[in-house]
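Reader: I have a sequence and a model open in front of me. Can you walk me through its inside?

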Amino acid sequence: MSHQVKHKPFKKVGVIGAGVMGSGIAAHLANARIPVVLLDIVPPNWKEGDAPKDSKAFRNKFVDGGLKRATKMKPAPFFTKGAASLIQTGNLEDDIDLLKDCDWVVEVVIENLKIKQELFAKLEGVVRDDAIVSSNTSGMSIKGMLDGRSESFKERFLVTHFFNPVRYLELLELVPADETRADILERISTFGRDVLGKGIVVGKDTTNFIANRIGVFGIMETMRVMMEDGYSIEEVDATFGQAMGRPKSAIFRTADVVGLDTFIHVAQNCFDNLKHDEQCEVFDSPSWLRKMVAEGFLGQKVKKGFYKKEGKELFALDTEKLKSDELVYRPKEKVRYDSLGKVRKIEDLNEKVKTLVWADDRAGQLAWKVGMGTCVYAAKRFGEIADSIEAIDNGVKWGFRYEQGPFESWDAIGVPESVKKWKSEGGTVPSWVDDMLASGRERFYVVHADGSKDVWCPNAKKAIAIEGDARELSFDVIKAEKTNVVKNGFSASLVDLGDGALAVEFHSKMNALDTEIMDTINEGLDRCENGEFDALVLANDGQNFCVGANILMIFMAAQSGQWDELDKTIGSFQKTMQRLKYSWVPTVAAPFQMTLGGGCEVAMWCNAIQAHAETYIGLVEVGVGLLPGAGGNIEMLARSFSNMPNKPYEPQTAALQRVFENIAMAKVATSAEEGREKLFLAASDGVTMNRAQLLNAAKQRALGMARTGFRPPSVRTYRLPGKSGMATFQMVVDSMKDGGFISDHDRHIAMKIASVLTGGDTTPRQLLSEDRLLDLEREAFLSLCGEEKSQARISYMLQNNKPLRN
């Protein structure tokens with residue numbers, strides 16, 4: 001494991017440029033609780049309607065406008081609206097001295113060499129002599145930008161290339177100058193990884209660095225082959241979407257989202273500056289693509305690009321018409337090939353890729369020609385853009401949201417057989433690939449029985465071990481040591497995390513909760529309480545923590561009238577939640593991404609949550625005509641009442657209203673920090689910025705609780721308003737119904753929720769046990785399960801393969 005070096009923290013960061021990228025970087029720094037100084041230029045021209053020319057409002061117009069747009073942007077660059085308060089705005093003429101307090105200053109101004117040179121000259125006279133200065137350029141020469149700067153400035157300078165949207169794309173490319181000190185590079189790398197949660201790759205001072213060089217080549221090569229071989233836009237997207245481990249938006253939907261003007265700029269930069277590249281011509285935008293940009297077919301921001309939506313109907317550009325530069329839409333067509341149908345049924349990504357690339361239909365031929373071509377191109381760029389196969393793979397994965405980089409995909413395809421076929425078709429591969437195969441090595445990456453991993457190093461002409469970070473744990477690596485698997489099941493496993501921590505790993509379809517997962521949690525608690533382990537962690541390495549309960553199980557039981565069995569099942573879910581809360585060993589959940597319905601409930605009932613920053617959490621059962629049935633209503637009540645005196649007639653209306661709105665309106669927090677505001681996370685719960693560090697962070701939290709005298713909380717009791725509170729909710733719900741905001745069935749569900757939250761037949765003088773409230777919740781849940789409209793909603797969700805969300 002690599003040794004972790006301590007670095008001086010960044011207490012304040014300056015960002016120059018308040019456009020989309022600059023404000024996005026500032027927002028993400030604020031997400032990490034770092035104070036930011038955001039500066040931009042003074043507007044060069046005063047216009048009618050502007051504030052007085054010498055006023056701060058006018059002089060800060062660009063920067064304040066950029067920040068305001070960021071607060072309204074979708075998807076949101078901020079975790080919470082309040083995070084924007086950490087950003088101080090100003091302009092480069094009046095407020096540049098604010099940068100004197102900054103530990104790091106990053107410029108995000110227009111890609112113009114002269115403007116950047118002038119800015120850096122000005123900064124050198126302002127920033128501290130220990131401050132780091134960087135550029136977010138997407139490919140301008142570092143040497144050119146540093147012309148005229150002192151050696152001290154050059155030593156503290158590097159490129160820090162974020163990808164847009166900054167919050168959501170993991171990649172941060174670091175490109176040092178020849179003079180950049182090693183400790184400066186390491187300090188920024190550590191900060192980017194641990195504080196901002198970024199995946200770090202180190203590249204070289206070449207045009208468009210790593211990710212855009214390979215990723216844009218792959219897209220441009222796809223367009224070339226599409227036109228050459230007569231494929232449609234739909235055929236391309238069906239092939240290069242989820243079937244190849246790419247985002248569902250695939251090639252052309254992604255281009256529409258990014259913006260064709262932005263995309264063509266990056267491609268043109270490659271074409272203009274990479275004349276030495278043997279495949280430089282691939283980056284030359286075809287005439288039809290230039291025409292699209294010239295005529296405003298820019299993508300999603302103007303509602304027309306490769307795709308266009310009119311009403312509910314989706315249209316795509318006709319590629320036959322594109323051959324004559326005609327921009328003509330036609331209705332989007334469905335794509336069906338045997339290979340694509342076969343791939344949809346395959347779970348393993350390596351098998352998916354191999355199956356599709358070797359298929360002999362049109363989808364397979366396209367996947368082979370473009371996929372293999374991109375792999376070979378990436379291999380030819382080794383040494384030019386990076387000295388690490390890993391860096392190239394990670395750059396493409398993290399920058400474009402691909403599940404595999406080019407060398408990982410090549411391993412999946414099969415290196416020896418693909419090289420043989422490629423050469424038989426007249427292609428060539430770099431000599432270092434031939435050398436690797438000649439050595440007897442047939443893969444770029446090899447995972448060994450003990451979970452260790454090595455990668456081929458072309459420079460060393462041998463495999464080298466991939467060093468792990470002690471803070472980055474994964475179940476695949478842990479379970480490679482078979483003795484760590486305490487119990488292996490279909491839906492869940494018990495895994496020894498080491499040091500006394502036991503994990504319940506979910507791995508059912510979409511990690512949906514079922515009876516096996518509940519049984520596994522209970523067995524894990526039994527083992528911990530029997531002294532085998534000190535703490536229990538609920539976690540997994542899937543795409544989402546948990547999308548809810550297995551609604552097929554609920555639907556089938558309701559349809560067949562197995563009410564006693566369903567009552568028993570829901571009761572066991574509730575009892576398991578209570579064990580998680582009241583066990584004598586600490587329990588910690590590690591949620592991330594979608595944590596919905598039952599997933600939210602199981603996380604909230606743990607003693608603590610250690611969430612990834614990108615956790616989308618909420619109780620969304622009303623979306624299928626139900627209410628939370630595994631204690632979600634009661635846990636939300638407890639959280640809302642946690643700081644209120646448990647006395648008769650203590651005002652409860654506001655607290656109950658908040659809980660009711662969260663549940664009845666199926667509110668979903670769009671970040672862990674927003675989840676804290678909505679009470680899905682407690683004030684004491686933790687947030688981890690880097691997804692790779694989440695499992696270890698949860699483990700350490702659980703062990704810390706165990707080793708500092710953990711005791712379970714006392715069993716909670718409640719005073720609720722009963723019929724008087726019910727009447728209040730009825731007025732609110734009826735007004736919504738009368739106003740046409742909700743349906744009769746929505747009203748019915750809302751009143752079921754209200755009946756649980758108000759305690760049924762009770763008064764504030766009566767102290768209600770948690771078990772009594774859980775009984776009310778279960779009764780309401782079961783009654784809704786038996787209703788035709790709720791069953792229809794569940795049936796719709798199942799037929800359309802939708803997760804449990806609103």
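The turns below cover the cores, one helix and the cavities.

Author: This is a predicted model. Ask away.

Reader: Which helix gives the largest share of the largest nonpolar core?

Author: The core has 104 residues. Among those that touch the most other members are Phe 506, Ile 521, Leu 538 and Phe 680. The largest share is eight residues, and the helix that gives them, residues 770-785, is H32.

Reader: Which other residues does Leu 580 contact, beyond its neighbours within four places in sequence?

Author: Leu 580 is itself one of the core members that touch the most others. Its contacts include two more of that group, Ile 521 and Val 602. The full set is Ile 521, Leu 525, Leu 536, Leu 538, Thr 587, Val 602, Trp 605, Cys 606 and Asn 607.

Reader: How many residues are in the second core?

Author: This core is separate from the largest one. Phe 263, Phe 297, Leu 317 and Met 436 are included in it. Its size is 89 residues.

Reader: What span does helix H24 reach from its first C-alpha to its last?

Author: H24 covers residues 563-582, which is 20 residues. At 1.5 Å a residue, 28 Å is expected. The model comes close to that, with a span of 28 Å.

Reader: Is Lys 581 of H24 buried or exposed?

Author: The cut-off for buried is under 20% relative accessible area. In H24, the residues in that class include Leu 566, Phe 573 and Leu 580. They also include polar ones such as Gln 574 and Gln 578. Lys 581 is on the list too, and its class is buried.

Reader: Which helix supplies the largest share of the lining of the largest cavity?

Author: The structure holds four cavities of 30 Å³ or more, and the largest has about 240 Å³ of space. Its lining has 21 residues, with Arg 246, Gly 371, Thr 374, Tyr 402 and Ser 409 nearest the centre. H8 (211-229), H16 (362-380) and H18 (406-413) each supply at least two. The largest share, five residues, comes from H8.

Reader: How many charged residues are in that lining of the largest cavity?

Author: Nonpolar residues number 12. Polar ones number eight. The charged count is one.

Reader: How many charged residues line the second largest cavity?

Author: This cavity holds about 140 Å³. Of its 16 lining residues, Ala 549, Ile 554, Glu 621, Gly 629 and Phe 781 are closest to the centre. H23 (551-559), H24 and H25 (598-604) give two or more residues each. The lining divides into 12 nonpolar and two polar, and the charged count is two.

How values were computed
Residues are numbered from 1 along each chain as its sequence is written. This is a predicted model: local features need pLDDT of at least 70, side-chain atom pairs count only at pLDDT 80 or more; totals for chains, interfaces and linings use all residues. Side-chain values use heavy atoms; hydrogens and water are left out. A nonpolar core is a set of buried Ala, Val, Leu, Ile, Met, Phe, Trp, Tyr and Cys residues joined through side-chain atoms within 4.5 Å. Buried means under 20% relative accessible area, exposed over 50%, partly exposed in between (1.4 Å probe, protein chains only). Helices (H or I, at least four residues) and strands (E, at least two) are DSSP runs, numbered from the N terminus. Contact means heavy atoms within 4.5 Å. The expected span of a helix is 1.5 Å times one less than its number of residues. On a 1 Å grid over the protein atoms alone, a cavity is a set of points where a 1.4 Å probe fits but cannot get out, and a pocket is an open set with protein on both sides within 12 Å along at least five of seven lines; lining residues have an atom within 4 Å of a point. Grid points are joined across faces, edges and corners, and a volume is the space filled by probe spheres set on the points.
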